[in-house]
Amino acid sequence: MTRHHLIPKALHGKTGIRKRFPREERITATLWVCRPCHNQIHRLFSEKELALSFHSRDALLADPRLRTFVDWLSTKPAGFVPRH
């Protein structure tokens, strides 16, 4: 499992992000995900998209592209690593 920052660390110092999210939320908003899902999240979304639109588990899973990947991966045996 890896820790995904729901508000990307690279954006924590940006004025718009600082105004939108309190410091505590910027630091603690994380989600534990498997490595394949973490990689897929970063393939699908820019850091700005993650911060502004996909800063929660529910928002991420509401995206049909990520939901399809997660559903597909859930059918694979433990330890399965997709090729990309």
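Buried means under 20% relative accessible area and exposed means over 50%, with partly exposed in between. Asn39, in helix α3, has a relative accessible area of 28% and is therefore partly exposed. The model discussed here is a predicted one.

The protein has six helices and two strands. Read from the N terminus, these elements follow the order β-α-α-β-α-α-α-α. The C-alpha trace spans about 40 × 20 × 20 Å along its principal axes. Of the 84 residues, 38% count as buried. Among contacts with a separation of 6 or more, 63% join residues 24 or more positions apart.

The strands come next. His5 sits in strand β1, and with a relative accessibility of 18% it counts as buried. Beyond its neighbours within four places in sequence, His5 is in contact with Ile27, Ala29 and Thr30. Leu31 belongs to strand β2. Leu31 is likewise a buried residue, because its relative accessible area is 17%. With residues up to four places away in sequence set aside, Leu31 touches Thr2, Arg3, His4, Leu6, Arg57 and Leu60. Two of these partners, Thr2 and Arg3, fall within β1, which covers residues 2-5. A further pairing links Leu31 with Ser56: their C-alpha atoms are 8.3 Å apart in space, while 25 residues separate them in sequence.

From the strands the path leads to helix α3, which covers residues 35-44. Its buried residues are Pro36, Cys37, His38, Gln40, Ile41 and Leu44. These buried residues pack against both β1 and β2, and also against helices α4 (47-53), α5 (57-62) and α6. Asn39, also in α3, is missing from that buried set, because its relative accessible area is 28%. From Asn39 to Met1 the C-alpha distance is 12 Å, across 38 residues of sequence.

How do α3 and α6 pack against each other, and at what angle? The angle is about 160 degrees, and the two axes are 10 Å apart. Angles over 145 degrees count as roughly antiparallel, and α3 and α6 are therefore roughly antiparallel to each other. The crossing in which α3 passes α6 is right-handed. On the α3 side the contact is made by Pro36, Cys37, Gln40, Ile41 and Leu44, and on the α6 side by Arg65, Leu66, Phe69, Val70 and Leu73. The α3 residues in this contact also appear among the buried residues of that helix, which include Pro36, Cys37, Gln40, Ile41 and Leu44.

Arg65 is one of the α6 residues in that contact. Its relative accessible area is 45%, so Arg65 is partly exposed. Leaving out residues up to four places away in sequence, Arg65 touches Leu44 and Phe45. Arg65 and Gln40 are 25 residues apart in sequence, and their C-alpha atoms are 9.4 Å apart in space.

Thr68 also lies in α6, the helix of residues 64-73. With a relative accessible area of 53%, Thr68 is exposed. A polar atom of the Thr68 side chain lies 2.7 Å from the backbone oxygen of Pro64. Between Thr68 and Arg20 the C-alpha distance is 30 Å, with these positions 48 residues apart in sequence numbering.

The cysteines remain. Why does the structure hold zero disulfides, with Cys34 and Cys37 as candidates? A disulfide is a covalent bond between the sulfur atoms of two cysteines. For a pair to count, the two sulfur atoms must be within 2.5 Å. The cysteine sulfur closest to that of Cys34 belongs to Cys37 and is 3.4 Å away, which is too far for a bond. Cys37 is accordingly in no disulfide, its nearest cysteine sulfur being that of Cys34. In accessibility, Cys34 is partly exposed, because its relative accessible area is 25%. Cys37 is buried, at 11%. Cys37 also takes part in the contact between α3 and α6.

Note on methods. Residues numbered from 1 in each chain as written. Predicted model: local features only at pLDDT ≥ 70, side-chain atom pairs only at ≥ 80, totals over all residues. Heavy atoms only, no water. Buried < 20%, exposed > 50% of the residue type's maximum accessible area, 1.4 Å probe, protein only. Helix = DSSP H or I, 4+ residues; strand = E, 2+ residues; numbered from the N terminus. Polar contact = N/O pair within 3.5 Å; in protein donor to acceptor, adjacent residues only side chain to side chain. Axes fitted to C-alpha atoms, helices over the stretch in contact; angles between N-to-C directions. Parallel < 35°, antiparallel > 145°, perpendicular 65-115°, else oblique. Left-handed = near helix turned anticlockwise from the far one by under 90°. Contact = heavy atoms within 4.5 Å.
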